[in-house]
Amino acid sequence: AWGEKGGLNAYVGEGLGDESWAEGRIYPAGNPWFFGPGHMMKSPTKQRLLDTISFMHDLQGKFYDRFEKAIRDTGYEGVIMTSNWQAGQAFSHFSNLHADSRFDIIDRHNYFNGAGSMLARPGGGMLSSGMQQVAGLPFMLSEWIHVFPNEYGVEGPAILGAYGMGLNGWDVSFIFQNMDSGEFRKELKDAWDFVAPQVLGVFPAVARQVYRGDVKESDVTFVRKVHEPSLVEGKLGFEDMVEQGYDNKEFSSDVAPASTLAMGRGLVEFTDAYETSEKVDMAKYTREGVLHSSTEELAWTPGASAHDGHIAIDTPGTQAVVGFASGVVTELADVTITLESNYAAVYVTALSPKGTLASDKNLLVTTIARVRNTGMKMVVGEMVARGEGPMLVEPVKVEIQLNRKGSPKVYVLDHDGRRTDKQVKVNNGKIVLDGAKTHAMYYEIVY
């Protein structure tokens, strides 16, 4: 069936040159590029590669079944996760996802590297991992972070907290860290600097948002339909797109691009018969170039460059602007935020477990931008000198107009969130915060 040219010893360049029918030795060539439709569908080894996908799917299934039984035989009744990686693009990718979907949860890993921001392209970067969420199953992203020296780490928890754990209904999130001491770093040096102010510093706001369920899960779903038996015939029903640079991966498709994750839940549905997938009408959720969520709580303004774009969060308990929004007046339900800094995350958050901005006596304001080491030098997004501690926090300047009656006090908080003896004046509900003067990331509004 493989044909003379598509038969044995077709991958000598991969070191697979001693295959033999007589000796029963055939290698499952595993280079993911081989399985991409652009190569495979034109290759003389097409049938061999399709058979390899089928072989690997069956082998995975037997392996998973054997180990599931061994685990269950111990009396364990909890969740079983199979693998957190994907396999190439299109046919191999969804065959692998199908093997994982036979068990309890879909888990994936993703990272974001380079000089730019995830905000430039709605749904891109780490958020695009959600393109592998399977209908009817929980979804987990168990490794993710902006890789140092990328300077936009604050947007990671912001985007994944609102769009992943909120709008798309993800179930588990573990940001990646490596051998930290449980306290803030003294300087930026590791590739995975989670315990740094520009990452961990936004968690008090994002954690409250997630645990309160401030951002509603979308009822609207954008489904890509996959029939597993058809994959080994080279039939998918839509164009799948995967870009991968080691740990940094991005997923999309022609019928439901990654940007649909900014509008509602993106799901893969494994069907009983081959079907084509309906193309998403983006216009329904796009107004003046801004992508709005189906819940009307989130708005994503795309960027014109890698250093552009921002999101707005507008829920009763959390209202925020994150990204490149200098000079943009963002009118939210209870506050109007006008950012003067080039890039920042500005959150106004109810502090109590069930609180809202309209009723809580205590509100937390979080203002975080970039962080650098002393003497650190960046040129066009590339680090040419790492510098050393102490870290220097970029000040954020922002005007916040409170749309609420009363005469609150605004306290400057230290970096641990404790009140200092400093206050910021409030003028008819207007607060001007300037980190260059206060040396603060956090403020408390008290009614």
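In this predicted model, the largest nonpolar core holds 79 residues, and those touching the most other members are Phe 94, Leu 127, Ile 159, Tyr 163, Leu 236, Trp 300 and Tyr 347. Helix α4 supplies the largest share of this core, with 6 residues. A second, separate core is made up of 27 residues, among them Ala 312, Val 321, Leu 332 and Ile 445. Such groupings fit a familiar trend: in soluble globular proteins, nonpolar side chains tend to be buried together.

Phe 94 offers a good place to look more closely. Beyond its neighbours within four places in sequence, Phe 94 is in contact with Arg 224, Val 226, Leu 231, Leu 236, Phe 238, Asp 240, Val 268 and Phe 270. One of these partners, Leu 236, is itself listed among the core members that touch the most others. Phe 94 belongs to the buried residues of helix α3, a helix that spans residues 91–101 and is mostly covered, with 11 of its 11 residues buried. Polar and charged residues take part in this burial too, including Ser 92, His 93, Asn 96, His 98 and Asp 100.

Helix α3 also reaches the largest pocket, which encloses about 380 Å³ of space. Together with α2 (46–72), α3 is one of the elements that give two or more residues to the lining of this pocket. The most comes from α2, with 6 residues. In total 21 residues line the pocket, and Met 56, Ala 87, Gly 88, Ser 92 and Asn 96 lie nearest its centre. By class, the lining has 9 nonpolar and 12 polar residues, but no charged ones.

Enclosed space is found as well, in the form of 3 cavities of 30 Å³ or more. The largest cavity has a volume of about 60 Å³ and is lined by His 146, Phe 148, Asn 150, Gly 153, Ala 191, Asp 193, Gln 198 and Val 199. Its lining comprises 3 nonpolar, 4 polar and 1 charged residues.

Helix α6 (residues 203–212) shows how burial can be arranged around a helix axis. Ala 205, Val 206, Gln 209 and Arg 212 are buried in α6. These residues cover an arc of only 140° around the axis and therefore lie on the same side of α6. An α-helix has 3.6 residues a turn, so residues three or four places apart point the same way. The buried residues of α6 pack against α4 (155–167) and against the strands β11 (310–314), β12 (318–323), β15 (344–350) and β16 (362–368). Just after α6, Gly 213 adopts a positive phi of about 70°.

Notes. Residues are numbered from 1 along each chain as its sequence is written. This is a predicted model: local features need pLDDT of at least 70, side-chain atom pairs count only at pLDDT 80 or more; totals for chains, interfaces and linings use all residues. Side-chain values use heavy atoms; hydrogens and water are left out. Buried means under 20% relative accessible area, exposed over 50%, partly exposed in between (1.4 Å probe, protein chains only). Helices (H or I, at least four residues) and strands (E, at least two) are DSSP runs, numbered from the N terminus. On a 1 Å grid over the protein atoms alone, a cavity is a set of points where a 1.4 Å probe fits but cannot get out, and a pocket is an open set with protein on both sides within 12 Å along at least five of seven lines; lining residues have an atom within 4 Å of a point. Grid points are joined across faces, edges and corners, and a volume is the space filled by probe spheres set on the points. The arc is that of the directions from the helix axis to the C-beta atoms. Contact means heavy atoms within 4.5 Å. A nonpolar core is a set of buried Ala, Val, Leu, Ile, Met, Phe, Trp, Tyr and Cys residues joined through side-chain atoms within 4.5 Å.
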